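Me: Please take a close look at one part of this structure, and explain with care how its residues sit against the rest of the chain.

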Amino acid sequence: MGSAEKTTPESIETAFREQGFVCTGEISTTLFLSEELGKPLLLEGPPGVGKTEIGKLWALYHGAELVRLQCYEGLDEAKALYEWSYGKQMLYAQLLREKTGELISGEPDLAAAIRRLEGQADHFFSRAFLLPRPLLQAITASGPVVLLIDEVDRADEEFEAFLLELLSDYQVSIPELGTLRAARPPRVILTSNDSRDLSDALRRRCLYLYVDYPSHDEELRIVESRVPGLSEELTDRLVRFAQALRKADLRKQPGVSEVLDWALALVAVGAGSLSPPALRRTLGALLKNREDLEQVLADLSRYRG
């Protein structure tokens with residue numbers, strides 16, 4: 001990917017398909033509109049449906065650097081935007097101790113010495129002592145960048161509010177340096193697992209797409225493209241089994257990524273069918289909760305159809 005050809009929904013679908021990703025018309029059109037309008041894109045939906053993969057492939061499509069910020073509870077500005085290199089500041093302060101002594105050696109008292117050093121300390125809070133974190137890396141990059149803000153719903157509402165300046169103006173504010181505006185605005189994709197409501201202010205700044213579990217035919221195409229070692233019949237049974245599980249009362253429904261892992265596991269053990277022994281040996285790739293596993297294994301006929 002990284003072609004210089006004009007971006008169209010069709011070119012996006014083709015490029016993603018070449019990487020083994022089945023890109024629907026809704027996904028390709030929304031990515032195209034995000035490009036044309038220059039707006040961030042918010043992808044929301046259940047875990048494991050390919051939202052993060054879309055961000056990675058979008059960077060690959062443009063031949064851009066992928067800068068990823070993984071969100072979590074307690075994430076703050078210091079981890080997302082920047083930190084000061086205190087170790088480097090201390091080292092330079094030690095190395096310059098003699099020079100500092102020379103500067104103030106002729107001053108009559110402490111007040112005069114302080115006045116003499118006014119403005120000197122600002123050098124320790126210049127960009128030379130700055131440790132850029134993902135958001136600042138994306139803003140200050142000289143080349144094309146896709147900024148992937150992953151699972152933003154895991155972060156606190158305060159951090160969500162902090163993102164608004166970046167999402168609307170592609171700039172960030174650092175008290176010691178002022179406002180830094182992107183010379184080349186990054187393409188921004190946010191993902192959310194819909195675990196909590198995101199603010200209206202954040203949503204207004206983005207285009208939006210809900211990425212749901214794929215239909216039977218879509219998931220069939222996904223498994224066929226990513227795991228060609230399965231027979232056509234077993235692929236169809238595997239997909240029907242996964243689709244049935246999503247309608248069941250499970251603690252964690254399997255996403256597409258788990259289905260692909262399960263398909264690879266079936267190939268690895270040489271399974272020719274979804275027999276009870278094959279299921280007992282491989283279902284741990286599909287279901288990641290003990291109660292779910294026990295429930296499904298206790299009533300396999302219900303899900304095998």
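Reply: What follows looks at one loop, then at the core, the cavity and one helix residue.

This is a predicted model, in which local features need pLDDT of at least 70 and side-chain atom pairs count only at pLDDT 80 or more, while totals for chains, interfaces and linings use all residues. Residues are numbered from 1 along each chain as its sequence is written, and side-chain values use heavy atoms, with hydrogens and water left out.

The loop in question runs between β5 (145-150) and α9 (157-162), and Ala-155 has its place there; helices (H or I, at least four residues) and strands (E, at least two) are DSSP runs, numbered from the N terminus. Glu-151 belongs to the loop between β5 and α9 as well. Glu-151 counts as buried at 17% relative accessibility, and Ala-155 is buried with a relative accessible area of 3%, where buried means under 20% relative accessible area, exposed over 50%, and partly exposed in between (1.4 Å probe, protein chains only).

The side chain of Glu-151 makes a polar contact of 2.6 Å with that of Gln-70 and another, of 2.9 Å, with that of Arg-154. A polar contact here is a pair of N or O atoms within 3.5 Å; within protein, one must be able to donate a hydrogen and the other to accept it, and residues adjacent in sequence count only if both atoms are side-chain atoms. With residues up to four places away in sequence not counted, Glu-151 touches Gln-70, Cys-71, Thr-191 and Asn-193, contact meaning heavy atoms within 4.5 Å. On the same basis, Ala-155 touches Cys-71, Tyr-72 and Arg-196. Although Ala-155 and Gln-70 are 85 residues apart in sequence, their C-alpha atoms are 9.3 Å apart in space.

Beyond the loop, the largest nonpolar core has 37 residues, and those with the most contacts inside it are Leu-135, Ile-149, Phe-159, Leu-163, Leu-190 and Leu-202. Such a core is a set of buried Ala, Val, Leu, Ile, Met, Phe, Trp, Tyr and Cys residues joined through side-chain atoms within 4.5 Å. The elements that give two or more residues to this core include β2 (65-70), β5, β8 (187-192) and α8 (134-140), and α8 gives the most, with four residues. Leaving aside neighbours within four places in sequence, Leu-135 is in contact with residues including Leu-69, Leu-81, Ile-149, Phe-162 and Leu-166.

Leu-81, Phe-162 and Leu-166 also appear in the lining of the largest cavity, together with Glu-165, Gln-171, Val-172 and Ser-173. β6 (171-174) and α10 (164-169) each supply at least two of the lining residues, and the largest share, three residues, comes from β6. On a 1 Å grid over the protein atoms alone, a cavity is a set of points where a 1.4 Å probe fits but cannot get out, and lining residues have an atom within 4 Å of a point.

Lastly, Gln-243 lies in helix α13 (residues 232-246) and is buried, with a relative accessible area of 19%. The side chain of Gln-243 reaches the backbone oxygen of Pro-214 at 3.1 Å. Apart from neighbours within four places in sequence, Gln-243 is in contact with Pro-214, Ser-215, His-216 and Glu-219.

Terms used
1 Å grid on protein atoms, 1.4 Å probe; cavity = no way out; pocket = protein on both sides within 12 Å on 5 of 7 lines; lining within 4 Å.
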